[in-house]
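Biologist: Could you take a close look at one part of this protein with me? I would like to learn about its charged side chains.

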Amino acid sequence: MSSASVLYDAPGPKARLRYLLYTVLVVVALLALGWKLYDGLADKGQFTAEKWKPFLEGQIWTTYLLPGLRGTVVAALLSIVFALVIGMVFGILRLSEHRVVRAVAGTVIEVARAIPVLILMIFLFSIYAQYNVFPSDQLALAAVVTALTIYNGSVIAEIVRSGIRSLPRGQSEAAVALGMRKGQLMRLILLPQAITAMLPALISQMVVALKDSALGYAITYPEVVRAGKQLGASEQNTIPALLVIAALMIALNYTLSVVATVVERWLRTRKRGGRTVVPATDVTPPPGMALTTPAP
């Protein structure tokens, strides 16, 4: 059997040489651009030791960076938790047998997904401030969390719907034949399997929520990017401050991905190591049929 791909024609010697040449040219162009940027910033003294010295002082961290990190983590955690709850609810509603319920849930999800997060934050911040919905010191946090919850909840709802739909129909049919109600079917059979299958997509959406919390900068929310800008303006080291902020955000996202991956691996290992047993009390038998339990 030929080892050539059936999806596309394997490149010949000339094509491979041409692709190699294009790759070299692109790499050289990127290196030249990077060097030009570095040289221009270095001429302005952005990479001198004096610009990096403030990051060795504890006061800089307690005044700017740590409060900014706390604001980012708080907004991200609250929005992720609320988005997961709303996403689960609306994802299940989109699978309802009632057409009206499906239509309403689908409309809400599509509208929420279509609104840009930044515009939603600014709108909610104005509404909350105008009608004094929250205390003045919590207005920005409330607007950031609400906007992130609405957007990410709508995306998670579609993830939930597709995850449940991807399961074999035979499981639902078998559960119905055993007399399970719809709530029992969803809670005991479908959701436990779908959550494990959905975890990679959910992890990606959690990372998106964490990164999008930086948009709170536009409504004066004290998150890590705003703290970095304030630090750069105060110490006249904008580029080093932004590089440190970028490193902190990468570390946060990587930590979140590692934790979620460990949880996913634990769930898959636990399911392989044992069988899920549905208690007899949770199953409602069909009319005329009684469930019997074996004698001890």
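How many salt bridges does a search of the whole structure find?

Modeller: Happy to help! Please keep in mind that this is a predicted model. A search of the whole structure finds three salt bridges. As background, side chains of opposite charge can pair when their charged atoms come close.

Let's begin with glutamate 158, which forms a salt bridge with arginine 94; their closest N and O atoms are 2.6 Å apart. This pair links distant parts of the chain: glutamate 158 sits in helix α6 (residues 139–165), while arginine 94 lies in the loop between α3 (58–93) and α4 (99–114), 64 residues apart. Glutamate 158 has a relative accessible area of 15%, and because buried means under 20%, it counts as buried.

Glutamate 158 also meets arginine 161 in a salt bridge, at 2.9 Å from N to O. These two residues are three apart in helix α6, so about one helical turn separates them. Arginine 161 is partly exposed, with a relative accessible area of 23%. Through shared partners, the salt bridges join Arg94, Glu158 and Arg161 into one network.

Now let's turn to helix α4. There, glutamate 110 and arginine 113 are three residues apart, which means that about one helical turn separates them. Their side chains meet in a salt bridge of 3.7 Å, N to O. Glutamate 110 is partly exposed at 41% relative accessibility, and arginine 113 is partly exposed too, with a relative accessible area of 38%.

How values were computed
Residues are numbered from 1 along each chain as its sequence is written. This is a predicted model: local features need pLDDT of at least 70, side-chain atom pairs count only at pLDDT 80 or more; totals for chains, interfaces and linings use all residues. Side-chain values use heavy atoms; hydrogens and water are left out. A salt bridge is a side-chain nitrogen of Lys or Arg within 4 Å of a carboxyl oxygen of Asp or Glu. Helices (H or I, at least four residues) and strands (E, at least two) are DSSP runs, numbered from the N terminus. Buried means under 20% relative accessible area, exposed over 50%, partly exposed in between (1.4 Å probe, protein chains only).
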